[in-house]
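Colleague: I'd like to go through this one slowly, asking how each label is earned. Can you put it up on the screen?

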Amino acid sequence: MSKRVAFVLLIVLLSWAYQATRPPPPKLCGSPGGPPVMGPRIKLRDGRHLAYKEYGVPKDKARYKIILVHGFSSCRHEAGVLKSVPQDVVEKLGVYAVGFDRPGYGESDPDPKRTVKSLALDIEELGDQLELGSKFYVMGNSMGGQAVWGCLKYIPNRLLGAGLTAPVINYWWPSLPVNLSTEAYYKQPAQDQWALRVAHYLPWLTYWWNTQKLFPASSVIASRPDIFSPRDLVILKKLLFDPNRNKCKVQAAQQGVFESFHQDMMVGFGSWEFSPMDLENPFPNNEGSVHLWQGDEDRLVPIMLQRYIVSKLPWIQFHELPGHGHVFPVDEGMGEAILKEFLVGKK
């Protein structure tokens with residue numbers, strides 16, 4: 001009898017554990033019970049929808065056309081570096097930009113098969129369907145950097161230029177020296193070390209780990225103040241009542257945290273098909289350029305690793321920003337300086 005009871009209890013425990021690790025089905029935009037579709041979307045090659053938002057001058061009058069890739073827990077409503085750029089500057093430069101919700105974020109359908117490559121191909125298709133021309137610019141912020149690295153790898157022939165602002169680094173990129181990546185890894189809060197270990201080694205546990213109450217989960221998802229630099233906190237305080245930022249807070253994970261935040265972690269810190277340090281110069285004849293901006297007080301992206309990466313890629317124009325943290329692109333005056341440097345080489 002005792003063996004039978006133990007067996008039944010084991011089955012119950014395993015059943016509970018299995019259910020606990022399975023995320024709930026996504027609440028697809030436009031589906032019964034799901035969030036409404038409020039903005040324009042394109043239909044991709046596999047039937048998924050990608051939501052987008054346009055900024056700047058009309059396409060037919062633009063000198064520069066940029067696809068903006070948002071970061072973690074953000075969405076298309078935050079215009080990246082354009083956020084702090086005066087409209088008259090945007091018009092004088094002749095900039096058209098389009099931001100889009102990455103798969104699973106905002107109003108874009110989830111992609112359960114998402115990879116770094118698939119995201120690059122989504123960007124290529126977005127450019128084609130919006131008729132941006134045979135070549136365009138891409139710029140990714142924070143976790144959006146994975147998309148830019150993917151574009152440099154998989155669609156370099158479509159690029160006029162590429163920009164990365166505080167791009168997140170995967171500690172498991174094979175070309176990173178183990179001693180250096182390990183040192184940087186252990187500078188993170190312990191709870192983030194565990195959250196990334198789970199996302200990398202046990203991705204099927206990512207949902208459970210970040211929703212259970214037994215151990216502290218990702219401090220990034222929780223937006224703990226101590227993950228930001230003092231200058232970051234000053235900037236973020238100014239944005240407390242920004243309507244677009246607050247809209248993103250509501251919409252970013254409206255289809256489910258697994259489809260957005262957790263997938264981001266699983267892809268960003270998973271096993272990549274390539275290492276950015278092995279990329280070749282996409283502009284050997286200087287017909288375009290790649291820029292990377294990084295604050296030296298960034299508590300989310302280790303400056304020591306970023307310095308190593310650009311040392312192996314001398315064709316990247318590296319802009320180290322003394323005293324800045326992670327959210328510098330929205331600091332007053334910074335967006336304009338970045339945009340001008342990126343497009344016309346003037347600060």
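Modeller: Let's start with a cut-off: buried means under 20% relative accessible area, exposed means over 50%, and partly exposed is in between. Keep in mind that this is a predicted model.

Colleague: Okay, so why is Glu125 called buried?

Modeller: Its relative accessible area is 15%, and the limit for buried is under 20%. So Glu125 counts as buried.

Colleague: What about Asp122 and Arg45: what makes each one buried, exposed or partly exposed?

Modeller: Asp122 has a relative accessible area of 0%, so Asp122 is buried. Arg45 comes out at 45%, which falls between 20% and 50%, so Arg45 is partly exposed.

Colleague: How do you know that Asp122 and Arg45 form a salt bridge?

Modeller: The test asks for a side-chain nitrogen of Lys or Arg within 4 Å of a carboxyl oxygen of Asp or Glu. For Asp122 and Arg45 the N to O distance is 3.0 Å, so the pair passes. Asp122 sits in helix H3 and Arg45 in the loop between strands S1 and S2, 77 residues apart.

Colleague: And what makes Arg45 and Glu125 a salt bridge?

Modeller: Same recipe: N to O is 3.0 Å, and the cut-off is within 4 Å, so this pair counts too. Arg45 lies in the loop between S1 and S2 and Glu125 in H3, so the bridge ties together parts that are 80 residues apart in sequence.

Colleague: Why does the pair Arg48 and Asp111 count as a salt bridge?

Modeller: Their closest N and O atoms are 3.6 Å apart, which is still within 4 Å, so yes, that's a salt bridge. Arg48 is in the loop between S1 and S2, while Asp111 is in the loop between strand S4 and H3, 63 residues apart. Both Arg48 and Asp111 are buried.

Colleague: Which residues are linked in a network of salt bridges?

Modeller: Arg45, Asp46, Arg48, Asp111, Asp122 and Glu125. The whole structure has 20 salt bridges.

Colleague: Now the helices. What is the arrangement of H5 and H11, and why is it called that?

Modeller: Their axes come within 9 Å and cross at roughly 150°. Over 145 degrees counts as roughly antiparallel, so H5 is roughly antiparallel to H11.

Colleague: Which residues make that contact?

Modeller: Leu180, Ser181, Glu183 and Ala184 of H5, with Met304, Leu305 and Tyr308 of H11. By class, that's five nonpolar, one polar and one charged.

How values were computed:
Residues are numbered from 1 along each chain as its sequence is written. This is a predicted model: local features need pLDDT of at least 70, side-chain atom pairs count only at pLDDT 80 or more; totals for chains, interfaces and linings use all residues. Side-chain values use heavy atoms; hydrogens and water are left out. Axes are lines fitted to C-alpha atoms, for helices over the stretch in contact, and angles run from 0 to 180 degrees between N-to-C directions. Helices (H or I, at least four residues) and strands (E, at least two) are DSSP runs, numbered from the N terminus. Angles under 35 degrees count as roughly parallel, over 145 as roughly antiparallel, 65 to 115 as roughly perpendicular and the rest as oblique. Contact means heavy atoms within 4.5 Å. Ala, Val, Leu, Ile, Met, Phe, Trp, Tyr, Cys and Pro count as nonpolar, Asp, Glu, Lys and Arg as charged, and the others, Gly among them, as polar. Buried means under 20% relative accessible area, exposed over 50%, partly exposed in between (1.4 Å probe, protein chains only).
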